[in-house]
Amino acid sequence: MEYVPALKKMLEGKPVVYLYFCNNSPDEAWRIYIRQNHLDTDNAIHYNLPKTQESAIEQYLEVSVFPTYRLVDTSGRLVPGGAPWPSNPSAVVAAIEQLLSH
């Protein structure tokens, strides 16, 4: 998560929404983590899901490790394969710009 603020700055002004799913965390710890890592921006949505929903989301997104990064196109379709990691911001920006150009 240390790379996310810089990445968000690089993508500022682009129609990007960040969707975060939390698993196995108490609500207060989850909220503190969001604040401490500056993940509470206007274009971020956070979910701390109950176990049943968490399992369904993880299956749909093909999550096998944590963290997992995925991209969703402007039509709401999940992009096949994983997304580049935020530690490689130029790859993330290139992938997002490619999606936005279609």
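Tutor: Let's start with charges: Lys and Arg count as positive, Asp and Glu as negative, while His and the chain ends are not counted. Each charge is placed at NZ of Lys, CZ of Arg, CG of Asp or CD of Glu. This is a predicted model, where local features need pLDDT of at least 70, side-chain atom pairs count only at pLDDT 80 or more, and totals for chains, interfaces and linings use all residues. Residues are numbered from 1 along each chain as its sequence is written, and side-chain values use heavy atoms, with hydrogens and water left out.

Student: OK, so how far apart are the mean positions of the positive and negative charges?

Tutor: They are 2 Å apart, taken over 8 positive and 11 negative charges.

Student: How do you know what counts as a helix or a strand here?

Tutor: Both are DSSP runs, numbered from the N terminus: helices are H or I with at least four residues, strands are E with at least two. By that rule the protein chain has four helices and two strands, running α-β-α-β-α-α from the N terminus.

Student: What makes the chain as compact as a globular protein of that length?

Tutor: Set the radius of gyration, taken over C-alpha atoms, against the globule rule, 2.2 Å times the number of residues to the power 0.38. For 102 residues the rule gives 13 Å and the chain has 14 Å, which is close, so the chain is as compact as a globular protein of that length. The C-alpha box along the principal axes is roughly 40 × 30 × 20 Å.

Student: Why is leucine 39 called buried?

Tutor: Buried means under 20% relative accessible area, exposed over 50%, and partly exposed in between, using a 1.4 Å probe and protein chains only. Leucine 39 has 2%, so it is buried. Across the protein chain, buried residues make up 29% of the 102 residues.

Student: And what does leucine 39 touch?

Tutor: Contact means heavy atoms within 4.5 Å. Not counting residues up to four places away in sequence, the partners of leucine 39 include Met1, Val4, Tyr20 and His46. Leucine 39 itself sits in the loop between α2 and β2 (44-48), and its C-alpha is 7.6 Å from that of proline 5, 34 residues away in sequence.

Student: What makes a group of residues a nonpolar core?

Tutor: The members must be buried Ala, Val, Leu, Ile, Met, Phe, Trp, Tyr or Cys, joined through side-chain atoms within 4.5 Å. The largest such core has 19 residues, and Leu39 is among those that touch the most other members. α4 gives the most to this core, with five residues.

Student: Why is asparagine 24 called exposed?

Tutor: Its relative accessibility is 59%, so asparagine 24 lands in the exposed class. Asparagine 24 is in the loop between β1 and α2, with phi near 55°, a positive value in a residue other than glycine.

Student: Which class does glutamate 62 fall in, buried or exposed?

Tutor: Glutamate 62 has 58% relative accessibility, so it counts as exposed. Its phi is positive too, near 60°, and glutamate 62 lies in the loop between α3 and α4.

Student: Which residues are joined by a cis peptide bond?

Tutor: Phenylalanine 66 and proline 67, with omega about -5°. Proline 67 is in the loop between α3 and α4.
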